[in-house]
Amino acid sequence: MDQAPGSPQGPQDAQSLPTCYRHPDRDTGIRCTRCERPICPECMVSASVGFQCPECVRNGSGTGHAASASTPRTLAGGTVTADPRLLTKILIGLNVAVFMLQLSIGDDFTARFELVGSAYFPGLGSMEGVAEGQWYRLLTSMFLHADGNPMHIIFNMLSLWWIGGPLEAALGRARYLALYLVSGLAGSALTYLIAAPNQPSLGASGAIFGLFGATAVLMRRLNYDMRPILALLVINLIFTFGASNIAWQAHIGGLVAGVVIGYAMVHAPRERRSLVQYGVCGVVLVAVVVMTLIRTGQLI
């Protein structure tokens, strides 16, 4: 229960975590190593020892160098930006725009870009699918949603906003985009490999499950309470396997890729951080290609 202003502080309040000085609504156990003010993951800038707040970084490194000599960095080594949620907003806008195209153009548009292994489409008058060389479907299906069920896109976009925004702030834009796209492709590839070839699949769920996995790794890295994210994951997995017409392969593929890439993002050694981070993304992409080649060989 919220405490009224000016009311006495109870024993439980005295033991609660401090709040970020830039975001008072966020509890945190991390402090700036220079000014010792509490900072949340969005405000943390990786330093040689611990983390610093953006103001201390802008004011200089404390070693006599000019402030411009030290570029603010996120926990994963990305550049700190003025709008740490910009890419998440763009991804949401792109998904919504494609959904509007689906509604306005109709089923022919969806049929041309959804994920399908190999099937005959009467409306298109030909065999269509990844097995026919349409590898682009592995990517385009990530931005489509069931036009007959608005809750599909609503739930996915809310999840993207709640999970993606803080993760983008912690990783930086380039690393966040790599995580999102590679996780989504891993989910598509596993669906193509396991699902029936004529079973269509679409949605951003594979990429979003990748964000869930990476968020769990990040919270573990920061010694945060893991129970909320684990509970959310369990609930989503129950829906994944309990509801019909859900491509569980995309969810599992995205989740596994997100955990692997997320671990590389937050645990890579500083001296070769970018090499490890993008190298792991490359390894996952190789796995995507291998799964796609194997399934294509089975279907042609």
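## Pockets, helices and core

Helix α6 gives the most to the lining of the largest pocket, with seven residues. That is a good place to enter this predicted model. The pocket has a volume of about 930 Å³. Its lining is made of 41 residues. Nearest the centre lie H152, S205, N245, I246 and H251. Five elements give two or more residues to this lining: α6 (150–171), α7 (173–194), α8 (205–221), α9 (227–242) and α10 (248–267). By class, the lining has 21 polar and 18 nonpolar residues, with two charged ones.

Now turn to the second largest pocket. About 470 Å³ of space lies in it. It is lined by 18 residues, and P41, P166, T215, M219 and Y224 are the ones nearest its centre. Here α6, α8 and α9 are the elements that give two or more residues to the lining. Once again α6 gives the most, this time with four residues. The class count for this second lining is 13 nonpolar, one polar and four charged.

Step back to the whole chain. It has eleven helices and four strands. The chain holds 300 residues, and 47% of them are buried. Consider next the contacts with a separation of 6 or more. Of these, 63% are between residues 24 or more positions apart.

Helix α8 deserves a closer look. It contributes two or more residues to the lining of the largest pocket, and also to that of the second largest. How far apart should its ends be? At 1.5 Å a residue, the 17 residues of α8 should span 24 Å. The end C-alpha atoms are 24 Å apart, so the expected span and the model agree. Is α8 enclosed or open to the outside? A residue counts as buried when its relative accessible area is under 20%. In α8, 15 of the 17 residues are buried, so the helix is largely enclosed by the rest of the structure. After α8 comes N223, whose phi is positive, near 60 degrees.

The interior comes next. The largest nonpolar core has 66 residues. Those with the most contacts inside it are I39, L160, L167, L171, Y176, Y180 and L211. The helices α3 (86–105), α6, α7, α8, α9, α10 and α11 (273–299) each supply at least two residues of this core. Take L160 as an example. Leaving out residues up to four places away in sequence, L160 touches T88, L91, I92, G165, Y176, Y180, I208 and L211. Three of the names in that list, Y176, Y180 and L211, are also among the residues with the most contacts inside the core. Apart from the largest core lies another, of five residues. Its members include A111, V116, A119 and L124.

One enclosed space remains. A search of the whole structure finds one cavity of 30 Å³ or more. The largest cavity has a volume of about 30 Å³. Which residues line the largest cavity? They are L115, V116, G117, T191, Y192, A195, A196, P197 and Q199. V116, then, lines the cavity and also belongs to the core of five residues. In the cavity lining, six residues are nonpolar, three are polar and none is charged.

Definitions and conventions. Residues are numbered from 1 along each chain as its sequence is written. This is a predicted model: local features need pLDDT of at least 70, side-chain atom pairs count only at pLDDT 80 or more; totals for chains, interfaces and linings use all residues. Side-chain values use heavy atoms; hydrogens and water are left out. On a 1 Å grid over the protein atoms alone, a cavity is a set of points where a 1.4 Å probe fits but cannot get out, and a pocket is an open set with protein on both sides within 12 Å along at least five of seven lines; lining residues have an atom within 4 Å of a point. Grid points are joined across faces, edges and corners, and a volume is the space filled by probe spheres set on the points. Ala, Val, Leu, Ile, Met, Phe, Trp, Tyr, Cys and Pro count as nonpolar, Asp, Glu, Lys and Arg as charged, and the others, Gly among them, as polar. The expected span of a helix is 1.5 Å times one less than its number of residues. Buried means under 20% relative accessible area, exposed over 50%, partly exposed in between (1.4 Å probe, protein chains only). A nonpolar core is a set of buried Ala, Val, Leu, Ile, Met, Phe, Trp, Tyr and Cys residues joined through side-chain atoms within 4.5 Å. Contact means heavy atoms within 4.5 Å.
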